Amino acid sequence: MRSSVFKYILFFISILVFTGCATYGAHKVSPTPIEAAKAEIPENQLIDVGILVFESEELTPKQAEKEGTNADIRKAESHFIPYHLKNTLHQSSHWGAIQVIPAETNSVDLLVKGKIIESNGEVLFLEIDVVEATGKRWFKKKYSAEASESIYAGNRAGEKDAYQNLYNTIANDMAKFKMKLGPSEIETIRTVSKLKFAQEFAPDAFEGYLAKDKKGRLSVKRLPADSDPMMERLLKIREREYMYVDTLNNQYEGFYNDMWPSYENWRKLNLTERQAIKKIKREALTKQLIGALLIAGAIAAGSSNSNVGRVMAPAMDIVGGQVLISGWNISKEAEIHSAAIEELSESFGNEMQPVTMEFEGQQYELTGTAEEQFKRWRELLRQIYFAETGFTPTPLPEAPNMDSE
């Protein structure tokens, strides 16, 4: 009997010791000002950036409850976080056009892919993967930051987020890598992205312009003539893709601004709720442990030959039982806090409005999700290109894989 009691005590001690000891192995962010460009960068040295809508592992109800969020909030964050990163990159002045994109495309010089590992108002934990058009990976890193109530003071939509230090660190890491590149390397990146786009639309005409090495990285093998009419036409098509992405980003901006006040309040309150839950759970475990110790003491006292022990045992047993019950009740109160957090998240979501695009006097309405609209617009551009050039269309290739090291 005694051994089972002591096992029970050891169980609670182990919980108290190991609770909150998990680490992520990520780069933990400290106060970080953004490192802006010191001088205006020439047009031909600017790199256009596409930030892909962020990914996240599918949340099960149990995992969502553990992380303090839900699938609706995570879906909204997958658009909110990359858009705020876009704003941060703009502040650095190191880049050309910066847009959030719903799917991978050959039309960008630099692709930023992100994954939300954890986000709940208390912790922001991201994985960022940056790959240039040649297939060379700049870096793939994890970033984490923990919140305190003070970081929710003085925030401004589009300028300063509660986790601005994390965004600044990502922007600084990107800028540091870019500044290591020489003018010819930047020119190559820009040229490769143009030729990749041309090959996608007219693979036969632009075959052999790019070479791929054993690592899958691309280099320029030869260039089209300066006045190549086919290339000029394709660059106009590329500009129309940019036009759609600009229109799409106007919607992302509206969603970001509409989401900001609710999201800011939710994160702030969620932080308070999660801190309260942790405090309650600590108190619950402590009371449960004290109760177990009192019960163990009662058992030990009851089995002794001491008259004092025999008198104390019933009283200790009752007190211990009462403390245990109090601890479980506090745990139930923690569940109520979790339910309140879930209720706060129900209003989050994202639906794209239909978009009407015009191309040389013809209007096209695009509906569906952002990714569906983007895919449909690119298909329409290909059809227009082939109708005008007389080339036979080939199947649209799958989205490019920019995962090379």
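**The core**

Begin by selecting Trp138 and Met174: of the 83 residues in the largest nonpolar core, these two touch the most other members. The contribution of helix α6 (residues 229-302) to this core is the greatest, at 14 residues. The model on the screen is a predicted one.

Keep Met174 selected and display its surroundings. Leaving aside residues up to four places away in sequence, Met174 touches Val49, Leu89, Trp95, Leu110, Val112, Val130, Trp138 and Phe139. Trp138, already selected, is thus one of the residues that Met174 touches.

**The whole chain**

Now zoom out and colour the model by secondary structure. The protein chain holds eight helices and 11 strands. Of its 405 residues, 48% are buried. Among contacts between residues at least 6 apart in sequence, 74% join residues at least 24 apart. The chain exposes about 21000 Å², and carbon and sulfur atoms supply 53% of that area.

**Strand β2 and its partners**

Select residues 49-52, which form strand β2. Which way do the side chains of this strand point? Val49 and Ile51 point one way, Gly50 and Leu52 point the other way, and all are buried.

Add strand β4 to the selection. β2 and β4 run parallel and are joined by four bridges; in β4, Gln99 is the bridge partner of Gly50. Then add strand β5 (residues 110-119), which also runs parallel to β2 and is joined to β2 by three bridges. Here Val49 has Leu110 in β5 as its bridge partner. Val49 and Leu110 both appeared earlier, among the residues that Met174 touches.

**Ser93**

Move to Ser93, in the loop between α3 (71-92) and β4 (98-101). The phi of Ser93 is near 60°, a positive value in a residue other than glycine. Is Ser93 buried, exposed or partly exposed? Its relative accessibility is 44%, so Ser93 counts as partly exposed.

**The hairpin of β10 and β11**

Select residues 355-359, strand β10, and look along the strand. The side chains alternate: Val355, Met357 and Phe359 point to one face and are buried, whereas Thr356 and Glu358 point to the other and are not buried.

Next, include strand β11 (residues 362-366), which pairs with β10 in the antiparallel sense over five bridges. Phe359 stands opposite Gln362 in β11. Two residues lie between the strands of this hairpin, where Glu360 takes a positive phi near 50°.

**Charged residues**

Side chains of opposite charge can pair when their charged atoms come close. A search of the whole structure finds 13 salt bridges, and the next stops include some of them.

Select Glu67, in helix α2 (residues 61-67). Its relative accessible area is 10%, and therefore Glu67 is buried. Apart from residues up to four places away in sequence, Glu67 touches Leu59, Arg74, Ile117, Glu118, Asn120 and Arg274. With Arg74, the side chain of Glu67 meets in a salt bridge (3.3 Å, N to O). Arg74 is buried as well.

Select Asp109 and Arg238, whose side chains meet in a salt bridge (4.0 Å, N to O). This pair links distant parts of the chain: Asp109 is in the loop between β4 and β5, Arg238 is in helix α6, and the two are 129 residues apart. Asp109 has 3% relative accessibility and so counts as buried; Arg238 is buried too, with a relative accessible area of 6%.

Select Glu200 and Arg378, where another salt bridge is found (2.8 Å, N to O). This pair also links distant parts of the chain, with Glu200 in helix α5 and Arg378 in helix α8 (residues 370-389), 178 residues apart. Glu200 is buried, with a relative accessible area of 8%, and Arg378 counts as buried at 8% relative accessibility. Elsewhere, salt bridges that share partners join Glu67, Arg74 and Glu77 into one network.

**Last stop: Arg190**

Finally, select Arg190 in helix α5 (residues 183-201). Which residues does Arg190 touch? With residues up to four places away in sequence left out, they are Glu43, Asn44, Leu46 and Asp109. Arg190 is buried yet has no salt bridge. The nearest side chain of opposite charge is that of Asp109, 4.8 Å away, while a salt bridge requires a side-chain nitrogen of Lys or Arg within 4 Å of a carboxyl oxygen of Asp or Glu. Asp109 has already been visited as the salt-bridge partner of Arg238.

Conventions
Residues numbered from 1 in each chain as written. Predicted model: local features only at pLDDT ≥ 70, side-chain atom pairs only at ≥ 80, totals over all residues. Heavy atoms only, no water. Buried < 20%, exposed > 50% of the residue type's maximum accessible area, 1.4 Å probe, protein only. Pairing = 2+ DSSP bridges. Lys, Arg positive; Asp, Glu negative; His and termini not counted. Contact = heavy atoms within 4.5 Å. Core = buried A, V, L, I, M, F, W, Y, C linked by side-chain atoms within 4.5 Å. Areas by Shrake-Rupley, 256 points an atom, 1.4 Å probe, with all protein chains shown as cover.
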